[in-house]
Amino acid sequence: MTTNFVDRLDDALIRSGRIDAKFFFGPPTKDQVMNLYLKFFPDEKDGAKVFCEHVFESKEKKGQVLSMADLQGFLVRHSDDAAAAARLKL
């Protein structure tokens with residue numbers, strides 16, 4: 001089970017025996033973003049740097065942090081062209 005709003009879940013959903021462990025996943029680091037890009041395009045180290053720059057520029061401009069799931073979805077949609085994926089603004 002995943003949620004962005006654990007405090008909104010009914011107690012019956014998160015009682016002992018249903019949810020036995022909770023994990024917080026914070027915003028991705030630059031290393032995580034670059035490594036994710038390299039999972040899709042293993043030989044594109046320069047593209048990974050450009051992609052990472054775009055991700056963190058977007059964060060600064062929009063004031064929001066993209067999750068790893070958001071980034072993975074973006075890369076899946078653009079998995080046919082490494083250079084275009086790196087250049088595209090998020």
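In this predicted model, the chain exposes about 6,900 Å², and 51% of that area comes from carbon and sulfur atoms. As for burial, 23% of the 90 residues of the chain count as buried. On the charge side, there are 14 positive and 14 negative charges, and the mean positions of the two sets sit 2 Å apart.

Next, the fold itself. The chain has 4 helices and 0 strands, so reading along the sequence simply gives α-α-α-α. The radius of gyration comes out at 16 Å, well over the 12 Å that the globule rule gives for 90 residues, so the chain is more spread out than a compact globule. Taken along the principal axes, the box filled by the C-alpha atoms is roughly 45 × 25 × 20 Å. Contacts tell another part of the story: among those between residues at least 6 apart in sequence, 58% join residues at least 24 apart.

Then there is the inside of the chain. The largest nonpolar core holds 16 residues, and the ones touching the most other members are V33, Y37, F41, F51, V55, L71 and L75. Two or more core residues come from each of α1 (30-40), α2 (45-62), α3 (68-77) and α4 (82-87). The top contributor is α2, which puts in 5 residues.

Helix α2 is also where H54 is found. With a relative accessibility of 12%, H54 counts as buried, because the cut-off for that label is under 20%. Leaving aside residues up to four places away in sequence, H54 touches A86, R87, L88 and K89. Of these partners, A86 and R87 fall within the span of α4 (82-87).

M68, for its part, lies in helix α3. Its relative accessibility is 30%, so M68 counts as partly exposed, a label that covers values between the 20% and 50% cut-offs. Again setting aside residues up to four places away in sequence, M68 touches P28, Q32 and L36. Two of these partners, Q32 and L36, fall within the span of α1 (30-40). Looking further back along the chain, L13 is 55 residues away from M68, and the C-alpha atoms of this pair are separated by 25 Å.

Terms used. Residues numbered from 1 in each chain as written. Predicted model: local features only at pLDDT ≥ 70, side-chain atom pairs only at ≥ 80, totals over all residues. Heavy atoms only, no water. Rg over C-alpha atoms; globule rule 2.2 N^0.38 Å. Buried < 20%, exposed > 50% of the residue type's maximum accessible area, 1.4 Å probe, protein only. Contact = heavy atoms within 4.5 Å. Areas by Shrake-Rupley, 256 points an atom, 1.4 Å probe, with all protein chains shown as cover. Lys, Arg positive; Asp, Glu negative; His and termini not counted. Charge placed at Lys NZ, Arg CZ, Asp CG, Glu CD. Core = buried A, V, L, I, M, F, W, Y, C linked by side-chain atoms within 4.5 Å.
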